[in-house]
Each structure stands twice: as C-alpha cells, then as structure tokens.
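Trainee: I should like to go through the reasoning behind some of the labels given to charged side chains. May we begin with the structure itself?

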Amino acid sequence: MEGQSASEREPEARLARAGGTVRPASGTGNSSQPAVNRDLVRLALHKITGSPEFSASQQLRQFLTFVVEASIADPPVPLKGYTIATQALGRDDSFNPATDPIVRVEAARLRKRLEDYYAGTGHSDPVRIIIPRGSYQPGFHLMPVPESGTAPETKPEAGSEPPSPADPALTPPTSSAKLLETPQARSFPAVLLRPAVFFPLMAIAFAAGYAAAHL
C-alpha cells in the first residue's frame, strides 16, 4: 500500500506466507502437541468464521482471523494489543491500550464465543483454536480421532434369552392320532381306542350321566 514504510508492510508480508506446519503457541499448555498443518488451521478458521455462532459479529471474525493468520505466518507476527486494535479492530494510530480496553473486551468475548462454538457447531472439528486467558496468541489443538473398523459387540438384552424347547407356547398341538400313541392310551384295550368304537362309547356314557343327573 502506498505511503507505508517497509517496516509497516512487513506484518502484511508475513501474513501472506503459507504452507508447512505450525506448533502450538507457548503458554497454551500444548508443548507436547504435534505440529499442526497450516492448511488444517485455515480450514478450521474458515469453518468457525462461517458458523452461526460467529455470523452476527464481524469484529470477532476479524479479531480471530488476524491473530490466527499472524500466528501461523513464517515467522509469526508478534501479537500486541496495539497491533490487534489498529490492524483488526479499526482503531487508528492514536490508539492507547491504557485508556481503551477494546482489545481485552473483545478477547474475552472471543474466548466465550469459541466455547459456544465447540459446544455446538464445532463439537467434532479435528482442529480446535483457543485463545488462552492472559494471552492473545492462539493455540491449536489436534483432537484425537476415534478408532474405527471394530464393530461393537452386541449383547442380548436382559430377559431376551431364547425360550426353552419345553416351553408350552412352542409345543405344537397334538393330533388325535398322536394321542392314541401315548403310553396312557396304550394301557386301554386296543379295540376301545378305535374311533369307530371310542366315540359311540363316549356318547353313551355322556347320555347315561345326563339321565342320571335328571332323575
């Protein structure tokens, strides 16, 4: 941009550099975290700034975009309250952080909005961006990927054991022919168990019992 000195254009030049990886910022408690690919960080940033949680606040989007791009630049751009206020929040060169708390206020709002985002839209994001308290330097968290390929073992629910073969509900009805083959039936004279003899005898016995009951 015309009218800018080389030192004033240097931060913008740094922000334009891309590629490679970036390690979590110091002071974020992530020194053991592996380096995060810059493209993944930018993808995470793009998803955040396009989410419903950030759609109504252009100032928070600008704040987050500036500090993330400054952090992943090579080399990183130092993040001071003055730099953020004048390059991301629209303050002029006369900005005084001692009398204007805008950067601290917006940083607190940004932290809370990120918490809301990761509790909602971004709950499954593979890379998380945080702004630690007491710092404007963002940290980048690689979230663990859930293991896949092993189907969970299914256990039968309580009370769902298969019924016993002896369950009466599963026992088919016995035909009259089968009844004639039972051990109890075999104790009667064979001739009495023939249908042509058995049923007339039953009719006679029923009639006799009915007549005796009405005498």
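Mentor: Let us start with a definition: buried means under 20% relative accessible area, exposed over 50%, and partly exposed in between. Please bear in mind that this is a predicted model.

Trainee: Why is Glu106 called buried?

Mentor: The relative accessible area of Glu106 is 6%. Buried means under 20%, so Glu106 is buried.

Trainee: What makes the contact of Arg109 and Glu106 a salt bridge?

Mentor: A salt bridge requires a side-chain nitrogen of Lys or Arg within 4 Å of a carboxyl oxygen of Asp or Glu. For Arg109 and Glu106 the N to O distance is 2.8 Å, so the pair meets the definition. The two residues are 3 residues apart in helix H5 (residues 102-119), and therefore separated by about one helical turn.

Trainee: Why does Arg109 count as partly exposed?

Mentor: Arg109 has 33% relative accessibility. Partly exposed lies between the cut-offs of 20% and 50%, so Arg109 counts as partly exposed.

Trainee: Which residue forms a salt bridge with Arg91, and how is each of the two classed?

Mentor: The partner of Arg91 is Asp100, with the closest N and O atoms 2.8 Å apart. Asp100, at 19% relative accessibility, counts as buried, because the cut-off is under 20%. Arg91, at 30%, counts as partly exposed.

Trainee: Where do Lys112 and Asp116 lie?

Mentor: Both lie in helix H5, 4 residues apart, about one turn of the helix. Their closest N and O atoms are 2.8 Å apart, forming a salt bridge. Lys112 is partly exposed at 45%, and Asp116 is partly exposed at 33%.

Technical notes:
Residues are numbered from 1 along each chain as its sequence is written. This is a predicted model: local features need pLDDT of at least 70, side-chain atom pairs count only at pLDDT 80 or more; totals for chains, interfaces and linings use all residues. Side-chain values use heavy atoms; hydrogens and water are left out. Buried means under 20% relative accessible area, exposed over 50%, partly exposed in between (1.4 Å probe, protein chains only).
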